[in-house]
Amino acid sequence: MLVVTPDDPELFALPADPKPPIVAGVWQQAVQPLSVGVVAATALAAGVAALVARRNHLAEVRQLEAAATEETSYEGP
Amino acid sequence: MKAHEHEILRYRRNQRFVHALLASSFLLLLLTGLVLLWGPLSFLAAGGNSRWLHRVGAVAFMAVPIAYVVADRRGAKELLFDSFKYDNDDWEWIKHVFRYTMGHAKEMPPQGRLNAGQKLHHAAVILVSAAIVLTGLAMWFLKPTIGAEGTAWAAVIHDLAMLTLTLLLVGHLYFTFVYKALSGMTSGYIPEEEARLEHAKWVEELEEDGALTEERSAAPS
């Protein structure tokens with residue numbers, strides 16, 4: 001926020017030498033860039049792992065389907 | 001006989017509506033929030049559209065629990081209680097979570113309607129969403145009361161909470177893709193074979209209640 005005063009700020013109940021809170025600097029300099037980096041890295045790692053995991057799961061489902069088919073087509077001795 | 005011949009109703013229509021409301025409001029908040037905060041996208045904030053869109057998203061996001069209670073009281077109650085209730089099978093499941101993460105569901109401990117990972121996900125979404133709403137409301141209405149320092153803290157917590165929800169979203173999409181779970185939120189039905197594999201205790205409960213036969217007959221062909 002920008003405040004333009006025609007006289008000294010103290011006359012308008014404003015601080016003479018305003019400084020942004022330290023936490024605002026931490027937020028802009030660290031939290032925001034770190035957040036973007038963490039999300040990007042997680043999405044990338046998840047994307048790669050998902051390809052492997054999906055292949056594993058599909059193989060597992062195929063195995064179950066084969067077993068189910070075998071079970072239903074078995075007519076006994 | 002094909003193994004996927006049968007399907008089970010996993011999410012009722014109203015539950016799917018609430019999920020869609022949550023997803024769309026969250027994405028609107030995420031995108032407009034990024035425009036407000038992230039330098040490379042700040043040119044989109046010109047004119048103030050992103051600001052009021054963010055507030056529209058916020059109102060929709062806050063409406064989600066109310067909409068859930070109105071649309072499906074039983075579903076909302078089950079979700080709330082199930083998300084914070086863990087039995088021994090759940091703890092065993094959590095111990096072997098890496099195995100499940102890599103696509104192996106076969107030898108995991110039997111799970112109810114929600115597996116332990118889904119319970120943890122939902123619990124985290126509920127708690128983190130509460131933090132987002134409280135800090136968001138503070139920044140929206142209480143700026144003069146909490147001052148610059150308080151507003152800066154609220155912004156930090158708001159951003160970290162949103163980061164957590166975004167990471168949870170990545171995980172949510174990951175498991176949806178790996179376990180082909182999208183049909184549960186589009187048609188509401190999932191293959192019975194998959195349900196037996198991942199939610200054995202739930203399918204057993206349905207069988208005991210006789211609900212499985214009803215749902216099979218109601219499933220779209």
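The axes of helix 1 of chain A (residues 22-73) and helix 7 of chain B (residues 143-178) approach within 8 Å and cross at roughly 5°, where axes are lines fitted to C-alpha atoms, for helices over the stretch in contact, and angles run from 0 to 180 degrees between N-to-C directions. Helix 1 of chain A is therefore roughly parallel to helix 7 of chain B, the cut-offs being under 35 degrees for roughly parallel, over 145 for roughly antiparallel, 65 to 115 for roughly perpendicular, and oblique for the rest. The residues of this helix-helix contact divide into 21 nonpolar, five polar and three charged, with Ala, Val, Leu, Ile, Met, Phe, Trp, Tyr, Cys and Pro counted as nonpolar, Asp, Glu, Lys and Arg as charged, and the others, Gly among them, as polar. Helices here are DSSP runs of H or I with at least four residues, strands are runs of E with at least two, and both are numbered from the N terminus.

This is a predicted model, in which local features need pLDDT of at least 70 and side-chain atom pairs count only at pLDDT 80 or more, whereas totals for chains, interfaces and linings use all residues. Residues are numbered from 1 along each chain as its sequence is written, and chains are lettered from A and ligands numbered from 1 in the order in which they are written.

Taking the two chains as wholes, 25 residues of chain A are in contact with 28 residues of chain B, a contact being two residues whose C-beta atoms, placed from the backbone, lie within 7 Å. On the side of chain A that touches chain B there are 15 nonpolar, seven polar and three charged residues.

Helix 7 of chain B is not straight: its end C-alpha atoms are only 44 Å apart, while a straight helix of 36 residues would span 52 Å at 1.5 Å a residue, the expected span being 1.5 Å times one less than the number of residues. A kink of about 80° in this helix is centred on Glu149(B), the bend at a residue being the angle between axes fitted to the seven residues ending there and the seven starting there. The buried residues of helix 7 of chain B include Ala152(B), His158(B), Met162(B) and Tyr174(B), where buried means that 20 or more other C-beta atoms, placed from the backbone, lie within 10 Å of a residue's own, exposed means 12 or fewer, and partly exposed lies in between. The buried residues of this helix pack against helix 1 of chain A and also against helix 1 (13-37) and helix 6 (116-141) of chain B.

Just after helix 7, in the loop that leads to helix 8 (183-186) of chain B, comes Lys180(B), which has a positive phi of about 45° although it is not a glycine. Lys180(B) counts as partly exposed because it has 15 C-beta neighbours inside 10 Å.

Elsewhere in chain B, helix 2 (residues 49-71) has 23 residues and reaches 31 Å from its first C-alpha to its last, close to the 33 Å expected, although it bends by about 40° at Val64(B), with Pro65(B) following within four residues. The buried residues of helix 2 of chain B, among them His54(B), Phe61(B) and Tyr68(B), pack against helix 1, helix 3 (73-83) and helix 6 of chain B.
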